[in-house]
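Please open the model in your viewer and keep the sequence panel beside it. The tour below proceeds by selections, each followed by what is found there.

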Amino acid sequence: MADLRHITHWVFDLDNTLYPSDAPIMTQVDRRMTQYVARTLGLPEDEARIVQKSYWRDYGTTLNGMMANHTVDMREFLDFVHDVDPTGIITHPELAARIEALPGKRLVYTNGSLSHAENILSHMGLTHLFDDIFDVEASGFQPKPHQAGFDKFVSHFDLPVRQSIFFEDSVRNLKTAHEMGFTTVLVRAKEGPRDEESAAPDEHPDHVHHAVDCLPTFLGSIRTAATPDDAS
């Protein structure tokens with residue numbers, strides 16, 4: 001059992017973390033980002049996709065790249081790309097029960113929009129289990145892995161970093177979290193890396209304290225401040 005009895009704040013990324021990476025959510029977001037870039041820049045979709053991916057690599061998110069190089073209505077972008085159908089996510093009652101059992105404050109920290117997080121959490125039946133959601137707008141559009149975004153997040157909640165744990169599917173986002181002092185948990189892709197940010201089932205980077213292939217299983221195997229002393 002991983003000993004997490006010192007943890008008082010439980011921070012979860014949303015996409016490909018609270019639900020498995022094989023759920024057809026981010027494929028919808030990715031496709032709509034390409035459509036938005038194509039429409040805004042007047043490009044065919046194959047060229048727009050190249051621009052989209054280069055912005056994602058260089059700026060942390062496609063939106064930040066668009067903001068840096070073009071005139072963009074940020075809320076319009078977020079509303080458009082996150083207009084997705086969440087029903088492809090299979091709900092997991094065991095996950096809900098294990099999140100509910102975590103002692104302390106529970107937060108969602110996402111590079112997506114607030115409405116997107118609310119849509120996904122509502123479908124999964126998890127909304128009532130989280131104390132708050134910190135989205136990309138709350139970060140001042142400074143997305144993970146940028147330090148400025150993390151600093152805003154920590155400051156907003158007056159987060160005790162050494163008593164906080166961060167669950168993520170992104171290797172590069174966890175690197176920033178680790179450098180700040182978070183306990184880090186990498187939720188790995190089930191069937192190989194989704195992209196250059198995610199990790200294959202056997203990967204365990206040095207800046208990751210715990211690498212897991214199934215979030216509910218991991219949460220069911222940890223020792224927390226609420227675990228009975230005679231648990232084994």
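Which residue caps the N-terminal end of α4? Select D73: one of its side-chain oxygens lies 3.2 Å from the backbone nitrogen of R75, a polar contact (a pair of N or O atoms within 3.5 Å; within protein, one must be able to donate a hydrogen and the other to accept it, and residues adjacent in sequence count only if both atoms are side-chain atoms). Helices (H or I, at least four residues) and strands (E, at least two) are DSSP runs numbered from the N terminus.

Before going on, note that this is a predicted model, in which local features need pLDDT of at least 70 and side-chain atom pairs count only at pLDDT 80 or more, while totals for chains, interfaces and linings use all residues. Residues are numbered from 1 along each chain as its sequence is written, and side-chain values use heavy atoms, with hydrogens and water left out.

**Helix α4**

Extend the selection to residues 74-81, which form helix α4. F77, L78, F80 and V81 are buried there, where buried means under 20% relative accessible area, exposed over 50%, and partly exposed in between (1.4 Å probe, protein chains only). Looking down the axis of α4, one finds the buried residues within an arc of 165°, so they line one face of the helix; the arc is that of the directions from the helix axis to the C-beta atoms. Now colour R75 and D79: these exposed residues are carried by the face turned away from the buried side. To see what covers the buried residues of α4, display α1 (26-41) and α3 (62-69), which are included in that cover.

**T34 in helix α1**

With α1 displayed, select T34, which is found in that helix. T34 is buried, at a relative accessible area of 5%. Leaving aside residues up to four places away in sequence, T34 touches E45, A48, R49 and Q52, a contact being heavy atoms within 4.5 Å.

**Strand β5 and its partners**

Next, select residues 164-168, strand β5. Of its 5 residues, 5 are buried, so the strand is largely enclosed by the rest of the structure. In a regular strand the side chains alternate between the two faces of the sheet. In β5, S164, F166 and E168 point one way, and I165 and F167 the other.

Add strand β2 (residues 9-12), which runs parallel to β5 and is joined to it by 4 bridges; two strands pair if DSSP finds at least two bridges between them. Across this pairing, V11 stands opposite F166. Then add strand β6 (residues 183-187), which also pairs with β5 in the parallel sense, over 4 bridges. Here F166 stands opposite T184. From β5 the chain crosses through helix α8 (residues 171-180) to β6, and this β-α-β crossover is right-handed, meaning that, with the strands pointing away from the viewer, the path from the first strand over the helix to the second runs clockwise.

Centre the view on S164 in strand β5. Its relative accessible area is 0%, and it counts as buried. Apart from residues up to four places away in sequence, S164 touches I7, H9, L159, F182 and T183.

**Backbone features around α7**

Where is the cis peptide bond? Select K144 and P145, which it joins with an omega of about 10°. P145 belongs to the loop between β4 (132-134) and α7 (147-157).

F141 is also placed in the loop between β4 and α7. Its phi is near 60°, a positive value in a residue other than glycine. F141 is buried, with 10% relative accessible area. Move to D158, in the loop between α7 and β5. The phi of D158 is likewise positive in a residue other than glycine, near 50°, but D158 counts as exposed at 67% relative accessibility.

**A226**

Select A226, in the segment after β8 (222-223). Beyond residues up to four places away in sequence, A226 touches A101 and P103. A distance drawn from A226 to I120, C-alpha to C-alpha, spans 28 Å in space, with the two positions 106 residues apart in sequence numbering.

**The whole chain**

Finally, zoom out to the protein, with its 9 helices and 8 strands. Its C-alpha atoms fill a box of roughly 65 × 35 × 35 Å along the principal axes. Buried residues make up 52% of the 232 residues.
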